[in-house]
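Trainee: I'd like a close look at a single part of this model, the sheets and the helices that go with them. Could you walk me through it?

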Amino acid sequence: MTPTLHIALRFLFHRKRAFILSLCGVVFGVAIFVCTQAQTQGFAQRFIDSTLGSNGAIMLKAQFRPRADNLFVEPKNSKVEAAHRRYFEGITNASEIMRISRRFSNVVSCAPVLRGTLTARAEFENATVDLFGIDPALHLRTTDIGSQIIDGKFEDFRNNPNSVIIGSRLAEALGIAAGDPVQLLSPGGEYWRFNVAAVARSGVGAVDSTRVYCQAKIAQRLLRKPYPATMIIYKLRDPETAPELAQHFEQLFQHEARSWQEREEANLQLLLTLRLSTAITVSLIILLAGFGIFNVLTMTVLSKIKEIAILRSIGYSRRDISAIFLWQGALIGALGSIIGCILGGLMVVGVSHIPLRVRGLLYADYFPVASDWHHYLWATLLALIAVAIASWVPAHRAGQLPPVATLRGSSV
Amino acid sequence: MTNEVCLSCEGIERYLGEEEERVHALRGISLTLEAGTIHAVVGPSGCGKSTLLYILGLLDHPDRGEVTIEAEAVSHLPDDVLSRKRNELLGFIFQFHFLMEDFTAQENVMIPMRRLGRLAEEAMRERAAHLLDEVGLGAKLARPSRHLSGGEQQRVAIARALANDPRVILADEPTGNLDSANSQRAFALLQRIVRDERKALLLVTHNPEIAERCDWIHEMQDGVLVGSHPRGTRPND
């Protein structure tokens, strides 16, 4: 143990009350930072997981071809590449595209979807629905639909071509459950009758309140589409790299490809803004803890002027004296961060058990939390930076105190 | 006896205060301390005795002149080096003993040793215990210094000043806060250490009895060394 650390420990434990108060500031600052970050990220993560589980990491959609340049006058300062394209709805060669896509190591699986908008009717209720014509086996592999079923069975849907899976909030709106009949109005004005095989809850409000799944071949006939798919959805090993792969797919297949980050940009920005806002607010607690430490160390310096003079006369340099007070700050910061991280972790566990009814953008019955070591790292870094800044001024002042003035005071 | 010089100063000038309140505290002080000798600096209050002591102890810088320790000029050295020399070569004793109140007698003596870093923890404890035993406090090692009497605290301060076996001991009225018996005892102790271990001792004192027992008496007045007399040769003796 260095001599400065030894003395710092003695000084610190001599002022127990001030030490505990300073420590509490750091502990609560760190713990609340960890807890709030886990909550806000929990909401974001729940949303991302639900989105990926329902719509995949990448959606490959309409085919495009470049416009003829001599017929197209580019707007001034235009950066919109899409303006150079002509889009053609539908994917005619979905099997071929999927076969090539599966060769990419990042692609876990992919599934075609024929999408269309229809009106659903059950009893006397009507609703506009987003019909997804799917290949049950491929869709099961690519999305979380299997685990999203809350009523009925996926197997019933797979085995019965005249059955549908219906979103949970849509089912509530139409007043139907698994086993009930539902009618879908085709573009030709005919009502097609289906049986509800299952009700699914993805957790994303927009999906659960509009989506109906039926088998792809039925959907093609119902929607009267000449092509078997309007999009292909992808499940990736690393969803974070979706934008790069989407861009690559666009060039490779000449189809519009959108990553989940691009699709959900607005919601993700909102969640990120909330998270940053919370982080800034909670950082103020850590900042206040820093002020507390500043006060405590300043008072310690003032109460230890005599001791500082003694140490200087004994041979402790200015740097040693500063180090004694920096050590005190460091000890408060380190100990406070460790205890704060432990307390924060416990608070995260506790918060995750608090009942919370969320029915909107997300579906949740309890506080969604996402523990991430980055939260602990950031909380610790913030605490250490605040403590370092708070300690530096009194420590520097202590080092600069002229010992002679103190020693002279008692020796004239 | 050889004339081995432990510490000397040459032409020390020191101004204290700012602008109109500026005082010429030391005016060309020169002094030499040899091993095994005891020097007393006497003079009226405010004549610059303590200022000289702090400059010789490397706690203050002269405005002019040079301090030399062990044949090395030190006044221009940076704080870290000066502190190291203070720790290694000098021992301070103050009138009000200035101990760390929350530390025990033994821990107080160990503080300079910790800074020097030459001894292991156990060796430091043993040396501190030995030094405290030397000053008659062997039975009070573990007692917090604030629970010791004034005389005992001063003896702890003496033990602390000797902790790193310094070449020079600088004492600012070491007996000024003690009764007569304790004063005599503390001085006798210092005298013995200086003689036996060939150290140099410079003490600032108002006590004529103590001053008369020193090898040299330096008289100061208004920042000037007006006379230096070997023992027994002072004009008013």
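Mentor: Here's a walk through chain B, sheet by sheet, with a stop at one residue and a quick look at the partner chain.

Bear in mind that this is a predicted model. The predictor gives the complex an ipTM of 0.88 and a pTM of 0.75. For chain B the average pLDDT is 87, and 96% of the residues score at least 70. Within chain B, helix α3 (residues 105-116) has the highest confidence, at 94, while helix α6 (residues 180-197) has the lowest, at a mean of 83.

Start with the four-stranded sheet of chain B. It's open, its order is β2-β1-β4-β5, and the pairing is antiparallel. The edges are β2 (23-34) and β5 (72-73) of chain B, each of which pairs on one side only. Helix α1 (residues 49-56) of chain B packs on this sheet, touching β1 (5-16), β2 and β4 of chain B, and its direction makes about 125° with that of β1(B).

Now go pair by pair. β1(B) and β2(B) run antiparallel and are joined by nine bridges; if you want a register marker, B:S8 has B:T32 in β2(B) as its bridge partner. The two strands make a hairpin with six residues between them, and B:G17 in the turn has a positive phi of about 85°. On to β4(B): five bridges join it to β1(B), again antiparallel, and here B:E13 is partnered with B:R64 in β4(B). Last comes β4 (residues 64-69) with β5(B), an antiparallel pair held by two bridges. There, B:I69 stands opposite B:E72 in β5(B).

The other sheet is a six-stranded one, also open, ordered β6-β7-β8-β3-β9-β10 in chain B, with mixed pairing. Its edge strands are β6 (90-93) and β10 (224-230) of chain B, each pairing on one side only. From one strand to the next, the twist averages 15°. At the β6(B) end, four bridges join β6(B) to strand β7 (residues 168-172) of chain B, and these two run parallel. You can check the register at B:I93, whose bridge partner in β7(B) is B:A171. Helix α5 (residues 150-161) of chain B packs on this sheet and touches β6 and β7 of chain B, its direction making about 170° with that of β6(B).

Next, zoom in on one residue, B:A128, which lies in helix α4 (residues 121-134) of chain B. Buried or exposed? B:A128 counts as buried because 26 other C-beta atoms lie within 10 Å, and the cut-off for buried is 20 or more. Leaving out residues up to four places away in sequence, B:A128 touches B:Q106, B:V109, B:M110 and B:A163. Take B:Q106: 22 residues separate it from B:A128 in sequence, yet the C-alpha to C-alpha distance is 5.7 Å.

Finally, chain A. The contact takes 26 residues from chain B and 22 residues from chain A. On chain B's side, the elements that give two or more residues are α1, α2 (79-89) and α3 of chain B, and α2(B) gives the most, with six residues. So α1(B), the helix that packs on the four-stranded sheet, is also one of the elements on the side touching chain A.

While you're in chain A, look at helix α15 (residues 373-400) too: it has 28 residues and reaches 40 Å from first C-alpha to last, close to the 40 Å expected at 1.5 Å a residue. Even so, there's a kink of about 30° at A:W392 in α15(A), shortly before the proline A:P394.

Terms used:
Residues are numbered from 1 along each chain as its sequence is written. Chains are lettered from A and ligands numbered from 1 in the order in which they are written. This is a predicted model: local features need pLDDT of at least 70, side-chain atom pairs count only at pLDDT 80 or more; totals for chains, interfaces and linings use all residues. Two strands pair if DSSP finds at least two bridges between them. Two residues are in contact if their C-beta atoms, placed from the backbone, lie within 7 Å. Axes are lines fitted to C-alpha atoms, for helices over the stretch in contact, and angles run from 0 to 180 degrees between N-to-C directions. The expected span of a helix is 1.5 Å times one less than its number of residues. The bend at a residue is the angle between axes fitted to the seven residues ending there and the seven starting there. A residue is buried if 20 or more other C-beta atoms lie within 10 Å of its own, exposed if 12 or fewer, and partly exposed in between; C-beta atoms are placed from the backbone. pLDDT is the predictor's confidence in each residue, from 0 to 100.
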